[in-house]
Amino acid sequence: MFSESSGTEPESHKKKRIGWFKRAQEFWYREFRRIVGAWVFVVVLITVGSLFIVSADFTDYIFSTATFCGTACHVMEINVYKELQESKHWNTPTGVRAKCANCHVDGRLSYAMLEHFLGTGELFVWATHDLDKPGAFEQLRPAAADRVRFKMIENDSKKCRSCHTMEAIQPKRIRGQNQHKEAMEKGITCIICHYNLTHKAVDPSPAFQAAIEKARGEAETSEDKSEPATGEEGDEVL
């Protein structure tokens, strides 16, 4: 209320009005800073996350190429990569060519990066073994083959199925037709029969042989049953 005599606002009212305006102004500045800070945090988080995903994708792309897998170290170039290039997985009539990553690296980025990380353990093997010596790699091959075979049992030969559809496979030989029919009926995974594809043949370990017998549901005694399809691309059964 204004004073009738002077026509001016009382000092107490003026201070009260200024105090309210100042509090509102401080509240706005405080909330504005909070909102801007939150958006800056979100933008920074999205930017860092995007850079991480792009970096991971680029890393996976580089580490999954056949050139990197096959030629990054000498022992791979003269052994497993050479075997791949001489296999029917590489030289196909249709021109469809399987590469290292198709069999050994998961298709999902997160799992692929985990596999790349775990794969760095091979650097320790390289550092503790002179793999350039003749026969040095062959001493490690059985354990490596066993490790991959059991991994494929655990994931139901997922990498095989990423290219091959079981129901669409049509073996030419009667034996192959019967074995594929049995495999579909009993849920026998690919690696149980086709455990010597692409790379140099390695005899199954006692543990893997036991896994074969368990998967088939019986001890295979006859030559026809005990001899899985170990030829390149299933030559034994197709």
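**Exercise 1.** In this predicted model, determine in which helix A136 has its place, and decide whether A136 is buried or exposed.

*Solution.* Begin with the secondary structure, where A136 is found in helix 8, the helix that covers residues 136–154. Next take the relative accessible area of A136, which is 15%; since buried means under 20%, A136 counts as buried. Finally, look at its surroundings: leaving aside residues up to four places away in sequence, A136 touches D130 and L131, while V75, which is 61 residues apart from A136 in sequence, lies 9.6 Å from A136 in space, C-alpha to C-alpha.

**Exercise 2.** Work out how helix 8 and helix 12 are oriented to each other, and which residues meet where they are in contact.

*Solution.* First consider the axes of helix 8 and helix 12, which come within 10 Å and cross at roughly 25 degrees. Angles under 35 degrees count as roughly parallel, and the two helices, 8 and 12, are therefore roughly parallel to each other; their crossing is left-handed. Then list the partners: from helix 8 come D146, R149, F150 and I153, and these meet A207, F208 and A211 of helix 12. Sorted by class, this contact holds 5 nonpolar and 2 charged residues, with no polar ones.

**Exercise 3.** Identify the residues of the largest nonpolar core and the elements that give two or more residues to this core.

*Solution.* The largest nonpolar core has 9 residues, namely M152, M166, A183, I188, I191, I192, Y195, F208 and I212. Helix 11 (190–193) and helix 12 (206–216) are the elements that contribute two or more residues to this core. Another core lies apart from it and has 6 residues, including C69, Y81, L84 and C100.

Key
Residues numbered from 1 in each chain as written. Predicted model: local features only at pLDDT ≥ 70, side-chain atom pairs only at ≥ 80, totals over all residues. Heavy atoms only, no water. Core = buried A, V, L, I, M, F, W, Y, C linked by side-chain atoms within 4.5 Å. Buried < 20%, exposed > 50% of the residue type's maximum accessible area, 1.4 Å probe, protein only. Helix = DSSP H or I, 4+ residues; strand = E, 2+ residues; numbered from the N terminus. Axes fitted to C-alpha atoms, helices over the stretch in contact; angles between N-to-C directions. Parallel < 35°, antiparallel > 145°, perpendicular 65-115°, else oblique. Left-handed = near helix turned anticlockwise from the far one by under 90°. Contact = heavy atoms within 4.5 Å. Nonpolar A, V, L, I, M, F, W, Y, C, P; charged D, E, K, R; others polar.
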